[in-house]
Amino acid sequence: MAIEEQIVSMDKLVALCKRRGFVFGSSELYGGLSGFWDYGPLGVELKQNIKRAWWRANVHLRDDVVGLESALIMPSAIWAASGHLQNFNDPLVECQSCKRRFRADDLEGATVCPQCGGPLSEARQFNTMFQTQVGPVADEGSIAYLRPETAQGTFVNFKNVLQSTPHKIPFGIAQIGKSFRNEITTGNFIFRSREFEQMELEFFVKPGTDDEWFDYWRDERMRWWTHDIGIRPQNIRLRDHAVSELSHYSKQTSDFEYRYPFGTRELEGVADRTDFDLKAHMAGSGIDLTYYDDETQERYVPYVIEPAVGVDRTFLVVLLDAYDEEQTGPKPSDRRTVLRLKSQLAPYKVAVFPLVANKPDLVARARSIYATLKPEMMVAWDSIGNVGKRYRRQDEVGTPWCVTVDYQTLEDSTVTVRDRDTMTQERHPVVGLSDLFRERLVAG
Ligand code: ATP
């Protein structure tokens with residue numbers, strides 16, 4: 001059983017991620033680039049499964065949300081209109097001795113440097129957008145920015161989506177994609193980085209119904225975290241922002257906070273962005289973005305409820321919540337590390353082994369089972385070391401089921417199916433294995 005109160009240390013998790021190919025430091029060959037990460041073979045699988053789970057819940061299973069993928073670079077005019085050029089700032093303080101820089105709000109009012117004890121400067125505002133230039137001529141008109149959120153790409157496409165789909169308000173536009181912020185303080189592994197991915201939903205509603213929809217989305221997102229993703233409820237909570245914390249566009253915001261090993265911090269924000277953004281783009285572009293409601297014959301600028309979460313932060317939380325260590329017998333070496341991932345999120349769903357690697361008939365039978373399962377789901381093949389070692393390796397990356405082909409398989413066409421969480425082993429006929437795993441995957 002998972003130890004309810006156990007919280008894995010970050011060091012252990014980072015080591016596991018590197019050892020098993022989930023996450024690597026970016027540009028490591030050249031000394032690394034702070035705030036950037038690369039996802040390895042198992043990391044990309046987990047990331048895709050997280051995005052799929054979000055897309056399925058927020059787009060495919062709903063009648064009132066559609067998807068969008070907008071460009072990552074957009075001109076300064078958009079960022080001027082949205083308020084990001086003026087407001088997307090973090091308060092920065094610098095140590096006057098060691099010259100290190102910190103986000104003032106991370107220091108909670110301290111006046112001496114947490115690294116060297118030197119005096120800190122007054123806070124100054126630092127814009128965290130990455131600027132670039134589009135085209136060969138470097139002039140005012142060529143300045144553009146890498147987006148710090150996906151949301152603005154959605155707002156500037158509001159009219160396109162409305163005109164090209166049959167949707168009426170209330171409806172939403174979902175987007176998953178990269179965002180970039182030149183964060184002052186990165187750290188805590190992938191918690192806050194400079195290049196990251198977001199999953200954001202802009203849900204357009206009639207003004208006056210926004211409080212109701214705000215509550216709806218808070219509940220729906222909590223359901224997703226605890227039910228679809230399987231986060232333990234005691235590790236996640238909702239916290240309402242104080243008025244002084246609100247972003248420049250928000251009327252009310254609630255954060256989902258997670259109990260990380262380094263403290264309880266934000267995981268996702270749900271904000272009532274009001275009509276701020278659409279009005280800002282109407283003013284900035286001169287294009288009418290009002291909505292005409294045929295039924296009530298009213299024209300208005302919709303309000304927006306936005307649940308926004310990072311893929312990378314979700315990735316971190318999924319691993320932290322799933323990580324477990326367990327004593328499996330009396331000897332100190334009888335210990336296993338296991339990722340108790342939901343089966344839909346696990347990089348590999350099934351691992352197939354021949355009992356021993358030097359018996360060609362066992363290997364051939366196992367290979368054929370592997371080949372049958374492979375088009376249906378992600379399957380691992382492992383024939384190195386003894387079966388016990390292979391189980392440990394699969395436990396450590398969260399593979400829910402292992403199939404072992406042994407001598408009995410050659411006689412009666414049954415295999416051993418071993419369960420990651422309970423470690424129980426049952427015999428199942430080879431025929432029907434795909435159906436068995438598919439049913440288990442659907443059941444979660
Ligand atoms: P932070 O906790 O870093 O201060 P924020 O309040 O600036 O985040 P939002 O602007 O609300 O974040 O962005 C929505 C979500 O996007 C966050 O809840 C988080 O999951 C993710 N996110 C934001 N910034 C980063 C980042 N630098 N690295 C990774 N994920 C991020």
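Buried, as I'll use the word, means under 20% relative accessible area, with exposed over 50% and partly exposed in between, using a 1.4 Å probe and protein chains only. By that cut-off C17 is buried, at a relative accessible area of 0%.

A quick word on the setup, everyone. This is a predicted model, where local features need pLDDT of at least 70 and side-chain atom pairs count only at pLDDT 80 or more, while totals for chains, interfaces and linings use all residues. Residues are numbered from 1 along each chain as its sequence is written, and side-chain values use heavy atoms, leaving out hydrogens and water.

Back to the cysteines. How many disulfides does a search of the whole structure find? It finds 0, a disulfide being a pair of cysteine sulfur atoms within 2.5 Å. For C17, the closest cysteine sulfur belongs to C402 and is 20 Å away, too far for a bond. C95 is in no disulfide either, and the sulfur of C116, its nearest, is 3.6 Å away. C95 is also buried, at 0% relative accessibility.

Now the ligand, friends. It is surrounded by 16 residues, and the closest are E183, R192, S193, E266 and L267; the shell takes residues with a heavy atom within 4 Å. Let's look at some polar contacts, meaning N or O pairs within 3.5 Å. R192 places a polar side-chain atom 2.8 Å from a ligand oxygen, and R313 does so at 2.8 Å. From G310, a backbone N or O atom lies 2.8 Å from an oxygen of the ligand.

How values were computed:
Polar contact = N/O pair within 3.5 Å; in protein donor to acceptor, adjacent residues only side chain to side chain.
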